[in-house]
Amino acid sequence: FNEDPSTQKRFRAGGETQAPRSLSTRAQLYERVFPQYRQPVEVGVFSLDSDRAFFNDSRQLRYYVDPGNKPSFNLRDGYRDRFIKRDDGVKERLDHILRWIIANRSKLHSTHTSSSSCTLGVDFVTWRGHLTKLLTTPYETQEGWLLAVSKFRGTLYMSEVETEAARVNRENRTERHEEMMYWGYKFEQYICADDVNGVPDRGGVVNTNEAFCTVVQTRLADHKLLFSGEVDCRDKDPRAPPAPACYVELKTSAEICTPKQRSNFHRYKLLKWWAQSFLPGVPRIVAGFRDHDGVVVSVETFHISKISQLIKNEYNCWKPTVCMNFCSDFLSFVKSVVKEDNPRVVYLFAWDPHRDVTYTVHRDSQYTFLPDWYIKEMAS
Ligand code: A3P
Ligand code: MG
Ligand code: MG
């Protein structure tokens with residue numbers, strides 16, 4: 001790690017034969033050519049039902065119904081009486097992805113090592129949302145993160161741990177914030193039909209336990225990735241391209257009335273929207289802009305491939321290449337640090353804004369996250 005002077009700036013060396021001890025997150029250090037990012041390929045899907053039960057199929061997939069560009073959706077409707085909220089105090093870690101892996105082992109590119117044990121043929125298994133956080137890290141100034149990593153049969157499993165600050169925020173949300181979190185899901189209900197020829201049921205119950213997830217495989221530089229992400233809906237046209245290109249991400253945001261609001265939307269919101277959809281190869285976002293009372297006043301489509309052009313007029317704006325290079329270098333850092341292949345050992349990577357990424361090692365601790373049922377199943 002000590003040959004290239006630019007590498008020295010990113011990594012703080014841990015001694016001649018040791019892995020680096022920390023990784024810088026300064027954006028300027030990652031301004032180089034865009035790394036190779038292979039077209040994500042959908043290798044499977046799964047669904048979580050209204051009770052959060054796992055199904056190895058697409059039963060929760062919904063279909064996009066064009067709302068026109070001036071609908072009048074009231075996002076507050078049903079918050080009191082037709083809303084079932086998932087318990088976000090329950091930490092599911094990687095469990096649903098692990099269930100999917102067990103159900104689809106034969107479909108994955110597996111290899112047999114000399115000890116005849118089965119390995120997955122990927123370097124990392126994680127949630128898309130964790131990768132989104134990595135992509136936005138060089139520009140994040142508010143919220144830090146904790147990522148637990150365990151190596152098992154050659155694959156690195158990466159699972160987020162809630163920070164103390166995030167837990168305090170979650171347990172102290174205002175009533176207004178709680179309601180506004182509902183608005184995004186209500187918007188989905190106005191736009192999505194359960195059946196390909198159906199219409200949205202705006203009088204139904206919004207249940208945030210329900211989810212449809214895609215599982216994709218791709219490669220970032222020399223890192224083979226398998227990750228899953230929730231998908232809001234798909235194009236109902238049977239001639240639409242195959243997944244993930246037929247998927248549509250839905251978003252809500254405050255209406256934009258001033259140049260300052262437009263600039264903030266470009267600088268902060270579009271960064272998060274871009275990162276989330278670029279990773280799994282979802283090509284477009286349909287955004288509902290709402291007023292202070294939760295009424296959608298306009299709907300606009302954003303094509304992911306055009307977002308970097310849209311933001312280029314902002315002074316000192318975020319750059320996709322910085323996001324991807326930081327993610328790639330972080331994954332290299334993880335590979336250099338996580339050496340012990342043992343599901344009971346967790347390497348906890350920690351980051352706070354304006355700091356470097358550091359890590360600690362934990363054996364048989366509260367952080368261990370690979371469940372016994374998964375270890376046993378993979379051994380058989
Ligand atoms: P909006 O983002 O439109 O407000 P997603 O857009 O990722 O499909 O998520 C759907 C909705 O879940 C969001 O809608 C938001 O209301 C809620 N949501 C997503 N991520 C969240 C987070 N980290 N914290 C709180 N709410 C979140
Ligand atoms: Mg979603
Ligand atoms: Mg969405």
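Me: Why is Phe152 called buried?
Reply: Happy to explain! In this predicted model, Phe152 has a relative accessible area of 6%. Buried means under 20%, so Phe152 is buried.

Me: And what does Phe152 touch, leaving aside residues up to four places away in sequence?
Reply: Phe152, in strand E10 (residues 145–152), touches Tyr157, Asp341, Pro343, Leu370, Tyr374, Ile375 and Met378.

Me: Tyr374 and Met378 turn up in a helix contact too. What makes H2 roughly parallel to H9?
Reply: The axes of helix H2 (residues 95–103) and helix H9 (residues 372–379) cross at roughly 20° and come within 11 Å. Angles under 35 degrees count as roughly parallel, so that is the term for H2 and H9. The crossing of H2 past H9 is left-handed. On the H2 side the contact is made by Asp95, Leu98, Arg99, Ile101 and Ile102, and on the H9 side by Trp373, Tyr374, Glu377 and Met378. Six of these residues are nonpolar, three are charged and none is polar.

Me: Now the metal site. Which residues coordinate the magnesium ion (ligand 2)?
Reply: Glu230 (OE) and Asp232 (OD) do, at 2.0 to 2.1 Å. Asp232 also bridges to the magnesium ion (ligand 3), and the two ions lie 3.6 Å apart.

Me: Why is Glu230 called partly exposed?
Reply: Its relative accessibility is 31%. Partly exposed covers what lies between under 20% and over 50%, so Glu230 fits that class.

Me: How do you know that Asp232 is buried?
Reply: Asp232 has a relative accessible area of 3%. With the cut-off for buried at under 20%, Asp232 therefore counts as buried.

Methods: Residues numbered from 1 in each chain as written. Chains lettered and ligands numbered in written order. Predicted model: local features only at pLDDT ≥ 70, side-chain atom pairs only at ≥ 80, totals over all residues. Heavy atoms only, no water. Donors = N, O, S within 2.8 Å, 3.2 Å for Na, K, Ca; no water. Buried < 20%, exposed > 50% of the residue type's maximum accessible area, 1.4 Å probe, protein only. Axes fitted to C-alpha atoms, helices over the stretch in contact; angles between N-to-C directions. Helix = DSSP H or I, 4+ residues; strand = E, 2+ residues; numbered from the N terminus. Parallel < 35°, antiparallel > 145°, perpendicular 65-115°, else oblique. Left-handed = near helix turned anticlockwise from the far one by under 90°. Contact = heavy atoms within 4.5 Å. Nonpolar A, V, L, I, M, F, W, Y, C, P; charged D, E, K, R; others polar.
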